Amino acid sequence: MEVSILGTLELRRGGDAVPVAGARVRALLARLALDAGRDVSPAALIDAVWDDTPPGDAGHALQALVSRLRRALAPGGELVSGTAGYRLAVEPEAVDALRFETLAAAGAAALREGDPARAGAILRGALALWRGPALGELAGTQRFATAAGLRLDDLRLAATADRIEADLALGARGELVAELDALTEAHPLHERLVGQRLRALAAAGRPADALEAYEALRLRLDAELGAVPSPELQAAQLEIVTAAPITTAPARRSNLRAGVTSFVGREAEVDRLTALLDEHRLVTLIGPGGAGKTRLAGEVAARRLPELPDGAWMVELAATTDPDDVGASVLGALGLREARMLAVSSPVPGHGSGPSGSGDATAHLVDVLAERETLVILDNCEHLLDATAVLADLLLAQCPALRILATSREPLGIAGEHLAQVPPLGLPPADASAEEALTHPAVRLFADRAAAAAPDFSVDDTTVAAVVEICRRLDGLPLAIELAAARLRSLPAAQIAARLDDRFRLLTGGSRAALPRQRTLRAVVDWSWDLLSEPERALARRIAVFPAGVTATSAATVGVGAPVGADDVPELLAALVDRSLLTLVDREHGRSAAVRATSPRRSNMPASPRRRPTSAETRPR
């Protein structure tokens, strides 16, 4: 369950909106959400709902509201009675305002630690959570909401200033001026924003405008407050007057993230993909969710970075939902321009409005990349395939030195694309000894991640059988193996292996910094499942009865039935292969593919015994 209050109050369960009727019930939910996971006293709730005019029997009236909210929350039962009052029993991350505060604090800390690139990325994620004024309609009617909204608005402004500070430290110049013009007009006495505007104007070659802005603030402070500008502002003004250079960082050559975990089992793949990029300007890594495509692409880009004069840039599209924003997302990743500042009306000559829905964004990209020798990674393209494909095709045609490395669960489908399947990690035989098992990438990854979760754990003669079973039953999928290793904090390896029949319930608890769809195995599978058409889902469900492999004939036998016709099966099988839910084994004879033994909507399907597929079969991912 997720509660959103950075805008109009919204309640969602599993991505679906849950209606919450009644102004007082909504006020009760919002007040509990502000202290998610903690008891809130009845007195505080009564004050929040009724302000200064509580009913005569306020206690019973509150109990009635609590009952109504519990019915709205059913079947989750997240509203519980605690020792000190009522509690919304969800993690703080389930409330967007609390998640924003955590991210804003992390971004500010990264900025203080001298890492503006990481700070900017974190703060952009925090600010993207806002959909409108905090607490929406409640802020104008409920006293608690007004106070909380003002506090959150102040935090939002501080996070915005921190993000601008990070951009300035990374060498941003005139592209920040327009944003700072609007911010200082709305907050004319905010000295930090004014100081940032002075630096941006001076860096953009407009020192006269910077000095004029300083003088305007000085006069206003004197007239309205009888105060003088801060020492920091005075120092910035002195630098401009004496023509001292404004301190800026050297131009960046990359926004690649430094690895925080070891890179295990893909060294040969890095070599192969590095060679492919020498021969092809567009390489697309395809594979199922959790296969490690993003990490692999980042390692390849880091390997090539020293030989790229204009750097390598990761464009993370997972959080982009509107196809019109693809071009702006690329610009934002390159640090060229804030996406929300782009115009959306000027088409690229000869190319309509462009794939991003913004001719200005696309034209800017073409201008910047036309003569640059650079590598752009378009990460997680599967939900924006059409827009990403059109943009990639245009950039490759007009930017001859550009190379693109894409990651997706299905191909972009444009000319010049070279597909590179990301396979599962290598698996040991079922009866491998500890020494032999540790020579296989899947077991090495499990052992590496297990060392972080449970430092006293090791793969030895007493644990190797369970570890090998875990890796084999998870088909060498890196994300699933990492989630299983994390479970060693609370379960021995043998119990983890025994509970893999219910793997969707077991394999949870991924990184809190990851997107929600990357934190659990169910979320990873659901992301692919939700991108399928209804006929594709129907066929996938039906052929899931063949966990070890299926022929085209077998698929047709079990797959036909509304909404799948007999003539539809070959095309649907091909679509499921393209979308990385099936994998083709016997290419020579044109055999079809098989779906994973665990269907996305059936979390308790028992695992089947593994056997070697025949030449007429395909292997499940």
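Tutor: Before we start, a definition: two strands pair if DSSP finds at least two bridges between them. Keep in mind that this is a predicted model.

Student: OK, so which residue in strand 3 does Arg-13 stand opposite?
Tutor: Start with the strands: strand 2 covers residues 10–13 and pairs with strand 3 in the antiparallel sense, over two bridges. Across from Arg-13, in strand 3, stands Asp-16.

Student: And which are the edge strands of that sheet?
Tutor: The sheet is open, with three strands in the order 1-2-3 and antiparallel pairing. An edge strand here pairs on one side only. That picks out strand 1 (2–4) and strand 3 (16–17).

Student: Back to Arg-13: how long is the polar contact that joins its side chain to that of Glu-78?
Tutor: Glu-78 sits in the loop between helix 3 (58–73) and strand 4 (79–81). Leaving out residues up to four places away in sequence, Glu-78 touches Arg-13 and others, including Met-1 and Arg-87. The polar contact between the Glu-78 and Arg-13 side chains comes out at 2.9 Å.

Student: Is Glu-78 buried or exposed?
Tutor: The cut-off for buried is under 20% relative accessible area. Glu-78 has 10% relative accessibility, so the label is buried.

Student: Let's do aromatics. Why is the pair of Phe-100 and Trp-130 called edge-to-face?
Tutor: The structure holds two aromatic pairs. In this one, the ring centres of Phe-100 and Trp-130 are 5.5 Å apart. Planes over 60 degrees apart count as edge-to-face. The planes of Phe-100 and Trp-130 are at 90 degrees, so the pair is edge-to-face.

Student: How many residues apart are Phe-100 and Trp-130?
Tutor: Phe-100 belongs to helix 4 (residues 96–112), while Trp-130 is in the loop between helix 5 (116–127) and helix 6 (143–169). The pair therefore links distant parts of the chain, and Phe-100 itself is buried at 0% relative accessible area. The separation is 30 residues.

Student: What angle do the ring planes of Phe-446 and Phe-457 make?
Tutor: The centres of these two rings are 6.1 Å apart. The pair is edge-to-face, because the planes of Phe-446 and Phe-457 are at 70 degrees.

Student: Which residues touch the most other members of the largest nonpolar core?
Tutor: That core has 55 residues. Both Phe-446 and Phe-457 are buried. Leu-405 has contacts beyond its neighbours within four places in sequence, among them Leu-277, Val-300 and Ile-377. The residues touching the most other members are Leu-285, Leu-405, Phe-446 and Phe-457.

Key
Residues numbered from 1 in each chain as written. Predicted model: local features only at pLDDT ≥ 70, side-chain atom pairs only at ≥ 80, totals over all residues. Heavy atoms only, no water. Helix = DSSP H or I, 4+ residues; strand = E, 2+ residues; numbered from the N terminus. Phe/Tyr/Trp six-rings, centres within 6.5 Å; stacked < 30°, edge-to-face > 60°. Buried < 20%, exposed > 50% of the residue type's maximum accessible area, 1.4 Å probe, protein only. Core = buried A, V, L, I, M, F, W, Y, C linked by side-chain atoms within 4.5 Å. Contact = heavy atoms within 4.5 Å. Polar contact = N/O pair within 3.5 Å; in protein donor to acceptor, adjacent residues only side chain to side chain.
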